[in-house]
Amino acid sequence: MAEGTAALGAPAFMRTSSSQQANMDIGNSDPRTSSRTGALNEGSRSSNLGVIALAAGAFGIGVTEFAPMGLLPVIANDLGVTIPSAGLLISAYALGVLIGAPLMTLTTGRVPRRTLLVGLAAIFTLGNLLAAVSDSYGTLLAARLLTSFNHGAFFGVGSIVAASLVAPNRQASAVAAMFMGLTIANVVGVPLATWAGEHLGWRSSFWGISALGIVIMAALRLTLPDMPVPAGGNALAELRVLKRGSVVGALALTVVGSSAMFTVFTYIAPILREVTQASLPFVTAMLVTYGIGLTVGNWLGGKFADRSVDRTLIITLASLSAVLVAFAALMPFGAPVAVLIFLWGVASFALVPPLQVRVMTAAADAPNLASSVNIGAFNLGNALGAALGGGVIALDLGYPAVALAGAATSAIGLVAFLLAARSSEVSAEQQLCRA
């Protein structure tokens, strides 16, 4: 889900003003270039198909990551484990992304891009097939770990490939179009997988995702050009960038923000079923509502982060804490819960654009690795949040306490950010005084 805003942190060369676009359109109107325009249009259609294939991959990964959250009660009952234990299936995936994102990015640098993307889709497909045939908790846990290893590299490499498929003035749009697959996964794919899991058994969801994986592999192979191996980079130099205090701080804030979200979202299905006393259709509707909130929040976060990254982070972290406190208080009541779930989705993903920008800015000379590691940081927060929520449930503190734990995590992130910002201001003032 953090991955979906990579385009917002895109380098300046990927952006083109409307006046530049107009000038290009005027140039293309020359009748002497009609034959060339026809060829370009054909190339554009081919490029669009490649971007659509990448978006389909993002959609599949999004469904794989988030669908189990709506299936926790079904999986737990079928495998004979507790809800907190089933929640570890989500934590395991997140930890796999944390490890796999930098590992796959650094070790596959010499693999042709199309070959790599098809291979990553194959890992995705095999992992979901293993999940579909799992007959024990241990096997399902192993399947989740295997599936997770494609996640970070697919988004990191896929965004670069999407940008390379189109003209410079369309690169940001191409990257955004790819990541739209992740948003659609939350709005459509996850609720559909939840419905299928409830009515046909949770394994049916993984069978469906596996079939989608085969389609994605074929689409990537058929629509992407045969891209050469990229020019070699210095992996050690990129790793050294991650030692900078500013980069570590930005990544830590991503972990905290993600943890606040997933402390509660991991257990959204049992919360709605047991506390709100919601029906299955209501749970499905709330997952759609949350997905719509994520989409709106993603857009708003990018819009306001363009004006001020720091102010956007402060307002969003404070809003997330307030919404989760209200959710804890009003959890038994369906109507306010519906409103709060939408607002919670907005606040959760409004965090992502400014967090992405902070990481990319702090590691400007190694943006590819930093972007992959930030995906890992997001998923580390996923794992920590799921573990925190599971711990609260295991202590029999009640589901409202899970929401309060998420609110407290967001508040801690807000306080830490304000202290760090104040420290930076003091340091800058001292440097000015010395000058």
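This report describes the salt bridges, one surface patch and one helix of a predicted model.

## Salt bridges

The structure contains four salt bridges, and three of them are described here one after another.

In one of these bridges, Arg114 is paired with Asp226, and the closest N and O atoms are 3.9 Å apart. The pair links distant parts of the chain, since Arg114 belongs to helix H4 (residues 113–132), whereas Asp226 sits in the loop between helix H8 (202–223) and helix H9 (235–241), 112 residues apart. With regard to the surface, Arg114 counts as buried because its relative accessibility is 14%, and buried means under 20%. Asp226, on the other hand, counts as exposed because its relative accessibility is 59%, and exposed means over 50%.

A further bridge joins the side chains of Arg273 and Glu198, with an N to O distance of 3.5 Å. Arg273 is part of helix H11 (residues 268–275) and Glu198 is part of helix H7, so this bridge ties together parts that are 75 residues apart in sequence. Arg273 counts as partly exposed because its relative accessibility is 35%, and Glu198 is also partly exposed, with a relative accessible area of 28%.

Asp310 and Arg358 also form a salt bridge, in which the closest N and O atoms are 3.1 Å apart. Here too the pair links distant parts of the chain, with Asp310 in helix H13 (residues 309–330) and Arg358 in helix H15 (residues 352–362), 48 residues apart. Asp310, at 36% relative accessibility, counts as partly exposed, and Arg358, at 26% relative accessibility, counts as partly exposed as well.

## A nonpolar patch on the surface

Met180, Ile184 and Val188 together make a nonpolar surface patch of about 250 Å². Of these residues, Met180 can be placed in helix H7, which covers residues 171–200, and Glu198 of the bridge with Arg273 lies in helix H7 too. Met180 counts as partly exposed because its relative accessibility is 42%, a value that falls between the limits of 20% for buried and 50% for exposed.

## Helix H14

Helix H14 (residues 334–350) has 17 residues, and from its first C-alpha to its last it reaches 24 Å, which is close to the 24 Å expected at 1.5 Å a residue.

The buried residues of helix H14 include Val337, Leu340, Ile341 and Trp344. Also among the buried residues of H14 are Gly345, Val346, Ala347, Ser348, Phe349 and Ala350.

How values were computed:
Residues numbered from 1 in each chain as written. Predicted model: local features only at pLDDT ≥ 70, side-chain atom pairs only at ≥ 80, totals over all residues. Heavy atoms only, no water. Patch = residues over 30% accessible without salt bridge, like charges linked within 9 Å, V, L, I, M, F, W, Y side chains within 5 Å. Areas by Shrake-Rupley, 256 points an atom, 1.4 Å probe, with all protein chains shown as cover. Helix = DSSP H or I, 4+ residues; strand = E, 2+ residues; numbered from the N terminus. Buried < 20%, exposed > 50% of the residue type's maximum accessible area, 1.4 Å probe, protein only. Expected span 1.5 Å × (residues − 1).
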